[in-house]
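Welcome! Let's walk through a structure together, one question at a time.

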Amino acid sequence: MFLITGATGNVGRNVVGELLCAGAKVRALTRDPATAHLPGGVEVARTGEMPLDGITSIFLNPVVFWGGADGLLSRAADHGVRRVVLLSSAAALDDDPANELAAPHLEIERAIEASGMEWTFVRPGEFAANTLAWREAIGTGAAVRGPYAAARSTPIHERDIAAVAAKALLTDALVGTRPLLTGPEALTQPEMVRLIGAASGRPARFEEIGPEEAREEMLKRPYMREGLVDALLRLRAHAVEHPPEPSPEVERITGRPARTFAEWAADHAGDFR
Ligand SMILES: NC(=O)c1ccc[n+]([C@@H]2O[C@H](COP(=O)([O-])OP(=O)(O)OC[C@H]3O[C@@H](n4cnc5c(N)ncnc54)[C@H](OP(=O)(O)O)[C@@H]3O)[C@@H](O)[C@H]2O)c1
């Protein structure tokens, strides 16, 4: 049986869907089973209880374990769990302990390597789903405001991350690998805003603001710390002159092209209305 942590999240919910389609048995974790809306056929359990009996493989979302995954990992090894598939991050390519985007992911990766279990570290770049933060602006007809309008990123559909994670759970093909996952094209934020506008039928527009103003606004959001905000802004500034290259890994691993941002926007059009 597969244990899916963060099972109601962007990626986790789709991992659950992929495993069910493959006929696998799934235990899905949430802090609140009453509001989780997980599909029938899934065993639902509370995150705090973390029941491991009968579990052979774990999909681990670090959101659930920022306080430290060591306790879970030693319990998992004791229970005979064979494999952990970690939702890591492309940021982990930077081995600088001062990089607050990278360091926590590398820390969990190293703890998993040391656990003796089989592992796959799925390393996605920027999620297309991050643009859900623009819902209110686009829904109310206000401009989406952000810094570095010329910076490009390669937003990835959460279903493509989930498809790779499911492959890592269901087959031996990805054991001991760290696939770097991105969407298939490098886009600017104004281009993404336009594509969401086209999909949702809303008059969406982008307005560039300076990095200092952006920094102040980002610091007001939940879970944002100074070091994290600075790392995110450095990434954007760098991408103005150095646009990221799309990675071929989603297509190589799943056998189908990575979904475009236009496809993501069509799938989520209702979220912006
Ligand atoms: N966003 C990006 O661009 C990006 C890029 C690379 C890597 N990542 C990695 O992906 C992770 C986010 O994945 P995601 O978007 O699938 O996750 P998510 O949707 O933000 O969260 C997954 C689930 O975790 C539970 N959860 C949230 N906060 C929690 C907490 N403090 N304690 C316990 N449970 C909590 C929630 O479920 P319940 O409410 O049902 O418990 C939530 O639905 C990031 O943390 C990062 O490690 C993100």
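Before the questions, one term: a residue counts as buried when its relative accessible area is under 20%. Please keep in mind that this is a predicted model.

Q: Is Thr30 buried or exposed?
A: Thr30 sits in strand E2, which covers residues 26-30. Its relative accessible area is 7%, and the cut-off for buried is under 20%. Therefore Thr30 is buried.

Q: Which residue's backbone nitrogen does the side chain of Thr30 reach?
A: Thr30 touches several residues further off in sequence, among them Thr8, Leu38 and Val44. Its side chain also reaches a backbone nitrogen at 3.1 Å. That nitrogen belongs to Asp32.

Q: Where on helix H7 do its buried residues lie?
A: In H7, residues 211-219, the buried residues are Ala214, Arg215 and Met218. Seen down the helix axis, they fall within an arc of 105°, so they line one face. The face turned away from this buried side carries the exposed Glu212 and Glu216. What covers the buried residues includes helix H8, and the place asked for is one face of H7.

Q: Which residues do ring pairs link into a cluster?
A: The whole structure holds three aromatic pairs. One of them is stacked, Phe261 with Trp264, at 5.4 Å centre to centre and 25° between the planes. The rings of Trp264 and Phe272 have centres 6.1 Å apart and planes at 70°, so this pair is edge-to-face. Ring pairs thus link a cluster of Phe261, Trp264 and Phe272.

Q: What is the relative accessible area of Trp264?
A: Trp264 lies in helix H10, three residues from Phe261. Both Phe261 and Trp264 are buried. For Trp264, the relative accessible area is 0%.

Notes:
Residues are numbered from 1 along each chain as its sequence is written. This is a predicted model: local features need pLDDT of at least 70, side-chain atom pairs count only at pLDDT 80 or more; totals for chains, interfaces and linings use all residues. Side-chain values use heavy atoms; hydrogens and water are left out. Buried means under 20% relative accessible area, exposed over 50%, partly exposed in between (1.4 Å probe, protein chains only). Helices (H or I, at least four residues) and strands (E, at least two) are DSSP runs, numbered from the N terminus. The arc is that of the directions from the helix axis to the C-beta atoms. Contact means heavy atoms within 4.5 Å. A polar contact is a pair of N or O atoms within 3.5 Å; within protein, one must be able to donate a hydrogen and the other to accept it, and residues adjacent in sequence count only if both atoms are side-chain atoms. Rings of Phe, Tyr and Trp (its six-membered ring) pair if their centres lie within 6.5 Å; planes under 30 degrees apart count as stacked, over 60 as edge-to-face and the rest as tilted. Lists of a residue's contacts leave out its neighbours within four places in sequence.
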